[in-house]
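This report walks through one protein chain, moving from single residues to the whole and back again. Please keep the sequence and the model in view while reading.

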Amino acid sequence: MRKYGPLHTHLQRRNGRPEILAFEEIETIIGAELPASAHVKRSSFWANDYAGHHPHAQAWMKAGYRVAFVDPE
């Protein structure tokens, strides 16, 4: 979860309050670009898959968040 650790920290600080982030904001938080797959409509990148080995999903889910809506545009 190293790359997405800053996202986890950011969301933990939100303390469960609703959060809407643009892709650019997430990239600023993690200090890197999101992979191309994150920009594809209906991408599995944004699946709330804690059991799978997806460090990005673990970052938001361990902070108590779930992705509810993604608009790649």
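## From an exposed loop to a buried helix

Asn15 has a relative accessibility of 65%, and because exposed means over 50%, this residue counts as exposed. The model in which this value was computed is a predicted one. Asn15 sits in the loop that links α1 and α2, and its phi is near 55°, which is a positive value in a residue other than glycine.

With that residue placed, the whole chain can be described. Its secondary structure amounts to 3 helices and 0 strands, and reading along the sequence gives the pattern α-α-α. The radius of gyration is 11 Å, close to the 11 Å that the globule rule gives for 73 residues, so the chain is as compact as a globular protein of that length. Measured out along its principal axes, the C-alpha trace spans about 30 × 25 × 25 Å.

Of the 73 residues of the chain, 32% count as buried, while the surface that the chain exposes comes to about 5,100 Å², with carbon and sulfur atoms supplying 51% of it. Among the contacts between residues at least 6 apart in sequence, 43% join residues at least 24 apart. As for charge, the chain has 9 positive and 8 negative charges, and the mean positions of the two groups are 10 Å apart.

Which residues touch the most other members of the largest nonpolar core? This core has 16 residues, and those with the most such partners are Tyr4, Leu11, Leu34, Phe45, Trp46 and Trp60. The elements that give two or more residues to this core are α1 (5-14), α2 and α3, and α3 gives the most, with 4 residues. In soluble globular proteins, nonpolar side chains tend to be buried together.

Tyr4, one of the core residues just named, shows how such contacts can bring together residues from separate places in the sequence. Not counting residues up to four places away in sequence, Tyr4 touches Ile30, Leu34, Pro35, Phe45, Pro55, His56 and Ala59. His56 lies in helix α3, and when its own neighbours within four places in sequence are left aside, His56 is in contact with Tyr4 and Phe45. At 9% relative accessibility, which is under 20%, His56 counts as buried.

The helix that holds His56 can be considered as a unit. In α3, 6 of the 8 residues are buried, so this helix is largely enclosed by the rest of the structure. The buried residues are His56, Ala57, Gln58, Ala59, Trp60 and Met61, and they pack against α1. After α3 comes Gly64, whose phi is positive, near 90°.

Ala63 also has its place in the segment after α3. Its relative accessibility is 15%, and because this is under 20%, Ala63 counts as buried. Beyond residues up to four places away in sequence, Ala63 touches His8, Leu11 and Gln12; Leu11 is also among the core residues that touch the most other members.

A further residue belongs to another loop. Is Val40 buried, exposed or partly exposed? Val40 lies in the loop between α2 (23-30) and α3 (55-62), and at 47% relative accessibility it counts as partly exposed, because that value falls between the 20% and 50% cut-offs.

Three of the residues discussed above also appear in the table, which sets the separation of two residues along the chain beside the separation of their C-alpha atoms.

| Residue pair | Separation along the chain | C-alpha separation |
|---|---|---|
| Val40 and Pro72 | 32 residues | 6.5 Å |
| Ala63 and Pro18 | 45 residues | 12 Å |
| His56 and Arg66 | 10 residues | 11 Å |

Taken together, these residues give a picture of the chain: Asn15 counts as exposed, Val40 counts as partly exposed, and His56 counts as buried, in a helix that is largely enclosed by the rest of the structure.

Key. Residues are numbered from 1 along each chain as its sequence is written. This is a predicted model: local features need pLDDT of at least 70, side-chain atom pairs count only at pLDDT 80 or more; totals for chains, interfaces and linings use all residues. Side-chain values use heavy atoms; hydrogens and water are left out. Buried means under 20% relative accessible area, exposed over 50%, partly exposed in between (1.4 Å probe, protein chains only). The radius of gyration is taken over C-alpha atoms; the globule rule is 2.2 Å times the number of residues to the power 0.38. Contact means heavy atoms within 4.5 Å. Accessible areas come from the Shrake-Rupley method with a 1.4 Å probe; for residues, only the protein chains shown count as cover. Lys and Arg count as positive and Asp and Glu as negative; His and the chain ends are not counted. The place of a charge is taken as NZ of Lys, CZ of Arg, CG of Asp or CD of Glu. A nonpolar core is a set of buried Ala, Val, Leu, Ile, Met, Phe, Trp, Tyr and Cys residues joined through side-chain atoms within 4.5 Å.
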